[in-house]
Amino acid sequence: MSTTLPKILVTRKIPAAGLACLDGKANYRILRTQGVPSYDEVKAAVRGADAILPLLTERIDGDILDNAPTVKVVANMAVGFDNVDVAAATARGVMVTNTPGVLTETTADFAWALLMAAARRVVEGDRFTRDGRWKTWEPEGLLGQDLYGATLGIIGFGRIGSAVARRAVGFDMDVIYYNPSPLKGEARQVAEDVGARSADFEELMRESDFISVHVPLTADTRHLIGEGALALVKPTAVLVNTSRGPVVDPAALYQALSSGGLWAAALDVFEKEPVVPDDPLLSLPNLVVAPHLGSASVTTRNRMAVMAAENALAALAGHRPPNLVNGDVWKG
Ligand code: NAD
């Protein structure tokens, strides 16, 4: 391998399609082919690298970047970039990129999978059947909540939130959304097409039969769904979170689900990942869980890997990477 090629630290093994983009263009090292590297492993391994291609499991902060003054770009293989201290990167002139768009539809599909599973008790029904508890057709057994004609409240009407809204048309649902800033690009058109109505946060929590969360994790959205918000919901409401775990306060969610304040919930993401089996939330029958699978389709993970690789290569070649998060660092 040529030593003149730029060096990329790939923190974990990513789909081959992404690595194929790097072949011949960069000298890449995969830090871990299995498991997650520790913070200290990343910090030590990053020395001498020109780029880092991390996953959302790796925290990239100022201390890591200080250990790698040659790094020009952190090419995150995720649309969310809360694992990267963007301010610290910007202060050091390091570009940060993400993978927007390519995972939108796949994640929206999964939000619906969870929504339907929670509403119609699919997981409970599966366990009930496998456990041999199915003795007869029960007129009042495992009754769920209807989707058709219900009100779907979407918190964060961006790419994924609006893609979730598009799917609601088939269920003849009323869509309301809470998004504090004006809608961008396609989302604005989707809102118009599906007749989605803007609501304030409290109104959305009160009126929705289904609430689906699609905000980025920021200081403003941490524990956005907490005790106060959950006190407003209908007792028949279903909450779905496929955004980031810390957006929902787990103690408040446990309280709402166990007291009958909230009918059911479905989580793809958790405040602390992986969630441990003895977490109190996992004892609740009215909670459906998944191990952060929102973007987990073969096609989408390939696209994310390619996009992250292309972002890294563009930055290393002196071009503005297509998905630059901190435009302030770009000097052209
Ligand atoms: P996006 O930027 O297109 O949309 C986010 C929307 O949230 C924007 O419209 C923004 O204005 C809005 N928003 C910001 N702060 C808000 C607040 N305080 N209250 C309400 N709305 C607010 O992003 P996207 O591509 O739709 O992705 C959304 C998030 O989903 C990502 O940041 C990521 O964390 C998460 N995600 C998770 C998975 C998964 O595997 N579960 C997959 C993809 C994305």
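This is a short dialogue on reading a ligand site, a pocket, a sheet and two backbone features.

Q: What kind of model is this, and how are its residues numbered?
A: This is a predicted model: local features need pLDDT of at least 70, side-chain atom pairs count only at pLDDT 80 or more, and totals for chains, interfaces and linings use all residues. Residues are numbered from 1 along each chain as its sequence is written, and side-chain values use heavy atoms, without hydrogens and water.

Q: Which residues come nearest to the ligand?
A: A residue is near a molecule if one of its heavy atoms lies within 4 Å of it. Here 25 residues surround the ligand, and R159, I160, N179, T242 and D268 come nearest.

Q: Which atoms of R159, I160 and D268 face N or O atoms of the ligand?
A: A polar contact is a pair of N or O atoms within 3.5 Å. A backbone N or O atom of R159 lies 2.9 Å from a ligand oxygen. For I160, a backbone N or O atom is 2.8 Å from an oxygen of the ligand. D268 uses a polar side-chain atom, 2.9 Å from a ligand nitrogen. The ligand alone exposes 870 Å², and the protein buries 86% of that (Shrake-Rupley method, 1.4 Å probe).

Q: How do the residues of the shell around the ligand divide?
A: Ala, Val, Leu, Ile, Met, Phe, Trp, Tyr, Cys and Pro count as nonpolar, Asp, Glu, Lys and Arg as charged, and the others, Gly among them, as polar. The shell has nine nonpolar, 13 polar and three charged residues.

Q: What is the order of the seven strands in the open sheet?
A: Strands of a sheet pair through backbone hydrogen bonds, either parallel or antiparallel. Strands are DSSP runs of E, at least two residues, and helices are runs of H or I, at least four, numbered from the N terminus. Two strands pair if DSSP finds at least two bridges between them. The order is β8-β7-β6-β9-β10-β11-β12, with parallel pairing. β8 (197-198) and β12 (287-289) are the edge strands. β11 (264-267) pairs with β12 over three bridges, and L267 has V289 as its bridge partner.

Q: Where are the cis peptide bond and the positive phi?
A: Most residues other than glycine have a negative phi, and most peptide bonds are trans. E273 and P274 are joined by a cis bond, omega about -5 degrees. P274 sits in the loop between β11 and β12. R121 has phi near 55 degrees. R121 lies in the loop between α5 (104-119) and α6 (122-130).

Notes
Polar contact = N/O pair within 3.5 Å; in protein donor to acceptor, adjacent residues only side chain to side chain.
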